[in-house]
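Trainee: I have a model open and would like to talk through how its chains fit together. Could you take my questions one at a time?

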Amino acid sequence: MMAWAITAFDALLVALLLWLAWQAIHADGLFRAVISFMVFGLLMAVAWVRLDAPDVALAEAAIGAGVTGALLLSALGRLPERDKEAPADRRARGLAAVGLAALALGGATALATIAWALPAPGLGREVTEALPKSGVDNPVTAVLLNIRAFDTLLEIGVLLLAVIATWALGPMQWSAPARVMSPALPVLGRLLFPMFVLVSAYVLWRGGHAPGGAFPAGALMGAGGVLVFFAGAKPWITGAELDPWRWLLSLGLVAMLVAAVGVGATGRSFFEYPVDLAGLFILALEVAAALSIAILLFALCLGGRPPHRWGSEDEA
Amino acid sequence: MTALAWVGASLVALGVPFFLLGTLGLLRFPDVFTRLHALAKADNVGLGLVCFGLGLHSGSLAHALKLALIWLLMVIASAVGAGLVARAAIARGVKPWGV
Amino acid sequence: MSLYAVLAAALFFLGLHGLFAARHMLRKILALNVMTAAVFLLLVVLAERADVADSVPHAMVLTGIVISVGVTAVAVILVVHLAHGRGRDRGD
């Protein structure tokens, strides 16, 4: 009885995801498209849970629906009105239906055949063998911060580059809402801020032995920061002094580089932690990486260099 | 299943109609204010029943408290969100239906 | 499980088509994100198929999600700059 229910649920989820993806690309009106994409992100989180990837689900829920949504909606507010209501291209739609169906069908068949024919040994056995020496019990955290820590280092580097790119384009592109629309909103911000810190710390701590860790925690804190910011809170650092920003933004990269090169001083190779201290190394790097990811995501959502004063002209 | 689990499962089942009716209202009600009114039923009562039922079903106090927290946050967020949407609609000059 | 592999393929082609067919740049960005989701989906589906539960693709997808939000942010901000037809100055 359970099996058909699960299959039905999967089929429903797949159909919804396809429809939302179609809406995100072809719906009339950009607002509708953006909202469809945000719902798509939320439902992807459900799909990750169905695929036994709860770590990914946590990050997707915070990033796909939270950070990306805030970013897209902020950008939408800055686009000219004529762009927003323009209908999607009808001619392309008609052609699309035929071409796309053929392409998708052919592609799906080819892909499924090839993927299923290939042997799939995976790296599960190797990771399981190395896990006792990695310092944590959650294999995903072990891969991210020990076995493939190099990837994480580069990933934080890419985020930093993205922030540098947006800052290079000029000052912030949108401001927090000019006047507070509801008296409940600032209260919500104040109420939620400690909540976000608490939940992020919990997710980070959990990452050592269960789904969670630096990425979901950082994403959650970043999304929380964005929410509190748009609820009218003003960060204590402004664009008048960029040095604190630079240090905070590069914190994760610097910490990971110090750890990677520092172990070299004791005659080890890049990112080869001492086995008995590995847990401590990972915890320290996770805290740094989570804080860094949070502030990097927040900076990305600002849409450019922070202003000298937060919304000073809007204060009544 | 224990008696507690049965009670939990029936509470979840009881919560589902609230979501159905809330969604129906969202689709069929005439203007933004009445739609918000319909949504609140799903968010507050429907989710409350589902969370309460799941908490009982899990049989663990820690899980039940986490679910209660989820419900509490959801209620706060939906109240503030509904208020913002309604205020934005009034600011744009949307007249309530039938007024 | 194979259902999700088909979903990955369909989403990829949906996104690929959107990338070329959509007129507005913001829609192209959304299409690119749909394609990214499809690739992540394929990675995780293949990880499920492995003989022993494999967490390396999960870690790769986690990294990828964060990277893709960085790419999206830069692209979106470029689109906003393009829409206002300016380089550095803010006077509009």
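Trainee: Of the two pairs of chains in contact, which chains share the most contacts?

Mentor: Happy to help! This is a predicted model, where local features need pLDDT of at least 70, side-chain atom pairs count only at pLDDT 80 or more, and totals for chains, interfaces and linings use all residues. Residues are numbered from 1 along each chain as its sequence is written, while chains are lettered from A and ligands numbered from 1 in the order in which they are written. Two residues are in contact if their C-beta atoms, placed from the backbone, lie within 7 Å. Of the two pairs in contact, the one sharing the most contacts is chains A and C.

Trainee: Which helix of chain A gives the most to the side that touches chain C?

Mentor: On that interface, 75 residues of chain A are in contact with 59 residues of chain C. Helices here are DSSP runs of H or I with at least four residues, and strands are E runs of at least two, numbered from the N terminus. With eleven residues, the one that gives the most is helix 3 of chain A.

Trainee: How far apart are the nearest C-alpha atoms of chain B and chain C?

Mentor: Chain B does have a partner, as six of its residues are in contact with five residues of chain A. Chain B and chain C, however, do not touch, and their nearest C-alpha atoms are apart by 24 Å.

Trainee: What is the radius of gyration of chain C?

Mentor: Chain C has three helices and zero strands. The radius of gyration is taken over C-alpha atoms, and the globule rule is 2.2 Å times the number of residues to the power 0.38. For 92 residues that rule gives 12 Å, and chain C is well over this, so it is more spread out than a compact globule, with a radius of gyration of 17 Å.

Trainee: Which domains of chain A does the largest nonpolar core lie between?

Mentor: A nonpolar core is a set of buried Ala, Val, Leu, Ile, Met, Phe, Trp, Tyr and Cys residues joined through C-beta atoms within 7 Å; buried means that 20 or more other C-beta atoms lie within 10 Å of a residue's own, with C-beta atoms placed from the backbone. The largest core has 127 residues, and among those touching the most other members are Val67(A), Ile293(A) and Leu11(C). Helix 12 (residues 278–302) of chain A gives the most to this core, with 16 residues. By bounds from an automatic or database domain assignment, two domains of chain A both give residues to this core, so it lies between domain 1 (1–88) and domain 2 (125–316).

Notes:
A residue is buried if 20 or more other C-beta atoms lie within 10 Å of its own, exposed if 12 or fewer, and partly exposed in between; C-beta atoms are placed from the backbone.
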